[in-house]
Amino acid sequence: MNTTLLTQSVAAQTETHQAVREASGLFSGTWLLIALPLLGAALLLLGGRRLDRTGHLVGCATVIASFVVAAVLFVAMLGEGSGERAFLIPLWEWFNAGGYEVEISLLLDQLSMAFVLLITGVGSLIHVYSIGYMEHDERRRRFFGYLNLFVAAMLLLVLASDFLVLFIGWEGVGLASYLLIGFWQHKPSAAVAAKKAFVVNRVGDMGMVLAVASMLVVFGSSSYAVVFAGTENAPVGWLNAIGLFLLLAACGKSAQFPLQSWLLDAMEGPTPVSALIHAATMVTAGVYLIVRSAAIFDLAPEARTAVVVVGAVTLLMGAIIGCAKDDIKKALAGSTMSQIGYMMLAAGLGPAGYAFAIFHLITHGFFKANLFLGAGSVMHGMNDEVDMRRFGALRAAMPVTFATFAIGYLAIIGIPPFAGFFSKDQIIEAAFAEGLVVGLCALLGAGITAFYMTRVMLMTFLGSKRWAEEAHPHESPRVMTWPLIALGALSVVGGAGLLYLGGGIVDWLEPVTGEEHHDLPVPLAVLMTSTLITVLAGAAVAWLLYGRRPVPEVAPRGNPLTVAARRDLYGDAVNEGLFMRPGQYLTRSLVYAESRGVDGTIVGAAKAVGGLSTRWRRWQTGFVRSYALTMLAGAGLVVIAMLLVRLP
Amino acid sequence: MTFPWLTTLIAVPALGAVLTALVPAGRGRLAKQSALAFALLTLGVAVAVIAQFEIGGDRYQLGEQYTWIDALGIHWALGIDGIGAALVGLAAVATPIVALAMWPEADAERRDPKPFFALLLASEALILTAFLAKDLLLFYVVFEAMLIPLYFMIGMYGGPQRRYAALKFLLYNIFGGLVMLAAVIGVYVQSIDAGAPSFLLMDLMALDISANAQRWLFLGFMLAFAIKAPLWPFHTWLPDAAAEATPSNAAFLSGVADKVGTFGMIALAVPLFPVAAQDFAPVIVVLAVVSIVYGALLAIGQTDIKRLIGYVSISHFGFIVLGIFVLTGRGATGATFYMVNHGLATIALFVIAGFMIARRQSRMIADYGGIQKPAPKLAGAFLIAGLSGLALPPLATFLSEFLVIAATFEQYRAAGVIATVGIVLAALYVLWLYQRTMTGPVPEENAGTRDLGRRETMVVAPLLALILAIGVFPRTVVDVIDDGVAPTLAEVDVESPPPVVSVTDLVVEGNDH
C-alpha cells in the first residue's frame with residue numbers, strides 16, 4: 001500500500017482528527033507557495049551581478065506572489081466544510097530504505113494555513129520594508145536571496161506532512177538564520193553570533209533526530225498520519241520520551257530555557273531579519289512543532305508538564321532580561337523570548353491552550369514585527385545607534401514611527417482593545433485554570449512586560465534629547481513607513497478580529513487541535529481586572545524610574561538583579577563554565593594525547609621494530625639455502641596457526 | 001559471449017595509465033589531458049554498466065569468470081551488486097573531478113606531472129577491481145597493489161613531510177594487509193576442508209565455517225579494513241597523509257580509496273563470517289562511536305586545514321562503520337549511502353581547501369580570515385561543502401547520517417544517543433573553520449585573494465550539484481543500494497524489531513468498527 005493511500009485510510013478511521021483528503025483543483029497548486037520564493041532565492045543567489053539592480057524587486061515579487069496564492073487558497077478553504085479542510089498534496093517519493101518510506105508531500109490544513117498567511121503576509125511587508133532599509137548595502141541582492149530562502153524553508157516547515165520533511169524546513173530556516181545573522185560577517189561579532197545560533201540550534205536538533213528515531217521504533221514511520229493515528233496504542237513512556245525530545249528541539253529553535261542564549265546575540269543581524277526571523281516567524285517554529293504534535297502531547301502528561309515549566313521559566317527570564325537592556329534590539333529580543341514563553345506555556349496546557357498559543361503567536365507576529373521594524377526605523381534615522389540612552393524625544397522627529405511603535409507598545413502590554421490584550425488574556429486565564437503557580441507566573445510576566453516596554457517607549461520617544469552630536473534624526477522613507485502602518489493596523493484589529501470574526505481562531509483550529517474548556521477558580525471579571533491592574537502597575541513603576549526622572553546617558557551600576565539581567569542572567573557564563581571551557585580543555589588534551597599516546601604508541605612500536613631489524617639484518621646472508629629454511633619455518637608457523645584456529 | 005563490460009571498465013583506466021605514462025617527457029599538459037580523457041571515458045563506461053544494473057535481478061550481475069590459476073582455484077571473476085554499483089559510481093565520478101583539481105599541483109612543486117596522473121588512473125583501475133572482484137584472492141591482490149600508486153603519489157608530490165607520511169601510510173596498511181593474507185589463506189583452507197577448494201566468493205559464502213574459526217578469520221579481515229577505513233585507534237596514518245599529500249590526492253585517498261576498507265567490511269567480512277560479525281558487533285559499535293566523537297573533537301582542535309578535514313573523515317568513517325555493524329538493512333543501506341556521500345563531500349572539502357592553499361601558500365587556519373570579501377564564490381562553495389560535511393538537509397549526507405543514527409538507536413539506544421552528539425560537534429568544526437577563514441575583517445595579505453577560476457568552478461560545481469541532487473532525489477540510489485544490502489545481510493541473524501504500534505493493525509482494527 002503506498003503512503004498516500006495509507007495516510008488517507010488511517011486518518012479516515014481516527015475520530016479525533018479530521019480526514020485528510022488528497023488535494024484536487026486549486027489545492028493541488030499548494031506547492032507554488034514554496035516554489036515561488038525558492039525560485040526567487042535561486043535566481044538571486046546564482047544569478048550574479050546582473051541582478052544587482054533589480055534583485056530586491058524579484059525578491060519582493062516572489063514573496064508577494066506567494067502571499068496571493070496563500071490568500072486564494074484561504075478563500076477556497078473557507079468554502080469547504082469545517083471538518084473537511086485538510087488536504088494532502090503528494091509531490092514525490094523521497095526514499096525507501098530498509099522498509100522506512102518517506103514521501104515528500106504537503107499537508108495544508110487549518111493550522112498550516114494560519115502559518116502560511118502569517119509567513120507570507122508579514123514576510124511580504126518586511127521584504128518591502130527591506131528595500132528601504134538595505135538600500136545602501138552593496139550586497140542587497142544577496143540579502144534578498146537569503147530572505148527568500150528563509151521564506152521558502154519556513155513554508156516547507158509548516159506544510160510538511162512528515163517529521164523528516166519538516167526537518168528539512170527546520171534546518172533550512174536555521175541556515176537562513178545563520179546566513180542573515182552573519183550577513184555583515186566582516187564584523188567578527190556578527191560571525192560569532194551566527195555560529196553560536198547554529199550550534200545551539202544543533203543541540204536542539206539532537207532532540208529532533210532522536211524524536212524521529214524514536215518514532216521509527218514505535219510507529220515504523222515518521223509521517224504525521226501514521227504517528228498521530230498510532231499514539232493511542234503507544235506506551236506512555238515512549239510518548240513522553242518523544243515529547244521531551246520534541247521539546248528539546250523546540251527549545252533550540254524558539255530560544256527557550258535552557259537553549260535561549262543565542263537569541264540575544266542574533267540581534268547582530270540586520271533589523272528586518274530580527275523582525276521576520278527572530279520575532280515573527282522562525283522562533284515560533286518550536287510552538288508550531290508542539291501544537292502540530294498535539295496527538296503525542298495529549299497523551300504524554302509528563303512531557304506536557306515539562307513544556308509548561310519551560311514556558312513559565314522562559315517567560316519570566318526573558319522579561320527580566322528585557323528590563324535591563326539599553327540596546328533597543330536586545331530589549332525587544334528579551335521580550336520575544338518572554339512572549340514565546342507564553343506561547344509555550346499555553347501549548348503545554350494541551351487542548352485547553354493549543355489554539356491560544358497559536359492565537360498569541362499570530363498577534364505577536366503582528367506587533368513584534370511592528371516593534372522591530374519601528375526600532376529599525378529609529379536606527380535608520382539615528383546612524384544605526386541602538387543605545388536607548390542616546391535616544392529620547394524622537395516623537396517629534398519621527399511621527400509615523402512613533403505612532404506605529406506606540407500601537408505596538410499598547411498591543412504587547414495588553415491594553416484593550418489592542419491585539420495583545422485578547423491573546424495574552426486568554427493564556428493567563430488558561431494558566432490560572434491549570435494551577436495557581438502557573439497562573440501567577442503568567443500574571444507576573446504581564447506586569448514585567450508592561451514595565452520594560454514602557455521603559456523602551458520612554459527612553460526612545462519621550463523625555464529629553466540625549467543624541468550623539470552628529471545625529472540628525474529624520475523620518476524613514478515611505479517604503480519603510482507603509483509596512484509599519486500596515487503592521488500597526490494589524491496590531492489594533494488583529495486580536496479582536498481573530499478571536500471573534502466568523503467563529504474565531506479557536507473554532508478554526510478545533511479540527512486540528514481539539515478544544516477543551518476549564519473552569520476558572522475565580523470569576524473572569526476579577527481575573528481580567530487584576531491583569532489590567534498588574535499591567536498598569538508595571539507601566540507606572542517604569543514611569544517613576546524613567547519618565548519622571550531624566551535618563552542618565554551612562555548606565556548606573558544598578559542592583560545585583562539588574563547586573564545579572566544585563567548579563568542575560570548568566571546564561572552565557574553557565575554555558576562557558578559547563579561546556580565551553582571543559583570542551584576546550586578536553587579538545588586540547590586530546591590533541592596532545594593523540595600525538596603522544598595513540599600515535600606515539602604505534603610510532604614507538606615501529607621504532608622498536610626498526611631497531612630489531614638492524615640487528616636482524618645480519619641474518620640477510622644472501623644464501624638462498626638459508627632463505628629457503630626461513631621460508632619453510634614461516635610456512636610451518638602459518639600451518640600451525642591454521643591448525644590452532646581450526647581447533648574448537 | 002556477451003560483452004565483458006566489467007573487464008572493460010577496469011581496462012580503460014588501466015590502459016589510460018599506461019598510455020599516460022608513455023607520453024614523452026616534457027609534455028606535461030598532454031599527460032594531463034590524456035588522464036582526464038581516460039577518466040571521463042571510464043565514467044562513460046561506468047554509466048553504461050550501472051544503467052544495465054537491474055534492481056531485483058541476480059545478486060551479482062554482468063558476471064565474468066576466467067580461470068587464472070587453476071590449481072589453486074583462483075579466478076578473474078567479476079560481478080556487480082547494488083553496493084558495488086554505488087561505489088563504482090562514486091569512483092568513476094570522482095576520478096575526473098580529482099584529475100581536474102590536481103591540474104596545477106605537480107607544477108606547483110616543480111615536478112613532472114606525468115607520473116602523478118598515470119598513478120591516479122592506475123589507482124582507479126585497482127579500486128574499481130576491488131569493488132567488482134568476486135574472487136577473494138583477486139580482491140586481496142588489488143587491495144594490496146593499490147598501496148603502490150598511492151604511496152608514490154603521496155611520497156613524490158606532497159608537502160615537506162611527505163616521505164614520512166607516505167611511509168607511515170604504507171607500513172600501516174601493509175601490516176593490516178599481511179594479517180589479512182593469513183586470514184585469506186585460512187578461508188581457503190576451510191574450503192579445502194570442505195572438499196571444494198576455491199577462492200570464489202560465492203563458494204566461500206556457502207561454506208559452513210565453525211564459529212570459532214569465523215572469529216579468528218573475521219579479526220584478520222577486520223584489522224586490515226579498520227586500518228584502511230580507518231577506525232579508531234588505527235587511524236593515525238590518515239591525518240598525516242591528509243596533511244602531506246596534495247589536496248586532490250588527499251581528496252582521492254579519503255574520498256575514494258579508503259572506501260575499499262568499508263566496502264570490505266560490508267561486502268566481505270560480514271557475509272563471509274556472519275556469526276563472528278554478530279559476536280564482535282557490540283565491540284565494533286563502541287569503537288565506531290568513539291571514532292565519531294574522537295574524530296570530531298580532534299577536528300575542532302586542529303590548526304591545519306587539511307589535518308582538520310582528515311579528522312572530519314575519521315568521524316564520518318565512524319558513522320559508516322557504525323551503520324554497517326548495526327547489522328540491519330536500514331543501517332547497512334545508510335552506511336553504504338554514507339560512503340557515496342562522504343566521498344563527494346570530502347572531495348569537495350579537500351579540493352576547495354586546496355584552492356585556498358594554492359592562493360595563500362599556507363595550511364594554517366590562522367593565516368586566513370576575511371576571504372569572503374575578495375572571493376565570495378570561493379567562500380560560498382566552501383560553506384556548501386562544509387554544510388554537506390555537517391549533514392544539513394536536504395544535502396545527500398543528511399539522509400545517510402540520519403539513517404545510520406536511527407538504525408543505531410533502534411539496536412543500541414546509548415550508542416545512538418552518543419552518535420547524535422556528533423551532529424553538534426560537526427556544526428562546531430565546520431562553522432568555526434568557516435568563521436576563522438572566511439569571515440571577519442580582511443587582512444592586507446588576503447585582500448587580493450582571487451575568486452574561483454573557470455577550471456576550479458568546473459571542479460566544484462558538479463560536486464555540489466550532485467550532493468544537492470542526490471539529497472533531493474535519493475530514491476534511485478537508495479533503491480540500488482538496498483537491493484545489494486538485503487542478500488549481504490541474509491546470513492546475519494539480526495532483525496529490526498517490528499514497530500511497537502503496527503499501522504496495519506490499526507487499519508484492520510479500524511475496519512472492525
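Student: In this predicted model, what share of the contacts in chain A with a separation of 6 or more comes from residues 24 or more positions apart?
Tutor: Take the contacts in chain A with a separation of 6 or more. Then pick out those between residues 24 or more positions apart. Their share is 81%.

Student: What percentage of the residues of chain A count as buried?
Tutor: Chain A has 648 residues. Buried means under 20% relative accessible area. The buried share is 59%.

Student: How many helices does chain A have, and how many strands?
Tutor: The C-alpha trace of chain A spans about 105 × 65 × 60 Å along its principal axes. Its elements are 25 helices and three strands.

Student: Which atoms own 67% of the accessible surface of chain A?
Tutor: The accessible surface of chain A comes to about 24,300 Å². The atoms that own 67% of that area are carbon and sulfur.

Student: How far apart are the centres of the positive and negative side chains of chain A?
Tutor: There are 42 positive side chains and 42 negative ones in chain A. Each set has its own centre. The two centres lie apart by 15 Å.

Student: How many residues of helix 4 of chain A are buried?
Tutor: Helix 4 of chain A covers residues 110–133, which is 24 residues. It reaches 34 Å from its first C-alpha to its last, close to the 34 Å expected. The helix is mostly covered. The buried count is 21 of 24.

Student: Is A:Y354 buried or exposed?
Tutor: A:Y354 is found in helix 16 (residues 354–381) of chain A. Its contacts, beyond four places in sequence, include A:I290, A:F297, A:D298 and A:T513. Its relative accessible area is 0%. Because that is under the 20% limit, A:Y354 is buried.

Student: How far apart in space are A:Y354 and A:P417, C-alpha to C-alpha?
Tutor: A:P417 is found in the loop between helix 17 (399–413) and helix 18 (419–434) of chain A. In sequence, A:Y354 and A:P417 are 63 residues apart. In space, C-alpha to C-alpha, they are apart by 22 Å.

Student: What kind of peptide bond joins A:P416 and A:P417?
Tutor: Look at omega between A:P416 and A:P417. It is about 5 degrees. The bond is cis.

Student: Where in chain B is B:P230?
Tutor: B:P230 is joined to B:A229 by a cis peptide bond, with omega about -20 degrees. Its place in chain B is the loop between helix 10 (211–228) and helix 11 (237–244).

Student: Is A:D384 buried or exposed?
Tutor: A:D384 is in the loop between helix 16 and helix 17 of chain A. Its phi is near 60 degrees, a positive value in a residue other than glycine. Relative accessibility is 53%. Because the cut-off is over 50%, A:D384 counts as exposed.

Student: What is the relative accessible area of A:A255?
Tutor: A:A255 sits in the loop between helix 9 (236–253) and helix 10 (261–265) of chain A. It is not a glycine, yet its phi is positive, about 50 degrees. A:A255 is buried, and its relative accessible area is 0%.

Student: Why is helix 16 of chain B described as largely enclosed by the rest of the structure?
Tutor: Helix 16 of chain B covers residues 329–360, and its end C-alpha atoms are 46 Å apart, which agrees with the expected span. Just after the helix, B:Q361 takes a positive phi of about 55 degrees. The helix is largely enclosed because of its buried residues: 29 of 32.

Student: Which residues does A:S28 contact, leaving aside neighbours within four places in sequence?
Tutor: A:S28 is in the loop between strand 1 (20–22) and helix 2 (31–46) of chain A. At 32% relative accessibility, it counts as partly exposed. Its contacts are A:A23 and A:I89.

Student: In which helix of chain B is confidence lowest?
Tutor: Chain B averages a pLDDT of 91. Helix 3 (residues 82–101) of chain B has the highest mean, 96. The lowest mean, 49, belongs to helix 22 (residues 503–512) of chain B.

Student: Over which residues of chain A is the pLDDT below 50?
Tutor: Chain A averages a pLDDT of 87, and 90% of the residues score at least 70. Where pLDDT is low, the predicted coordinates should not be read in detail. In chain A, the stretch below 50 is residues 1–15.

Terms used: Residues numbered from 1 in each chain as written. Chains lettered and ligands numbered in written order. Predicted model: local features only at pLDDT ≥ 70, side-chain atom pairs only at ≥ 80, totals over all residues. Heavy atoms only, no water. Helix = DSSP H or I, 4+ residues; strand = E, 2+ residues; numbered from the N terminus. Expected span 1.5 Å × (residues − 1). Buried < 20%, exposed > 50% of the residue type's maximum accessible area, 1.4 Å probe, protein only. Contact = heavy atoms within 4.5 Å. Areas by Shrake-Rupley, 256 points an atom, 1.4 Å probe, with all protein chains shown as cover. Lys, Arg positive; Asp, Glu negative; His and termini not counted. Charge placed at Lys NZ, Arg CZ, Asp CG, Glu CD. pLDDT = per-residue confidence, 0-100.
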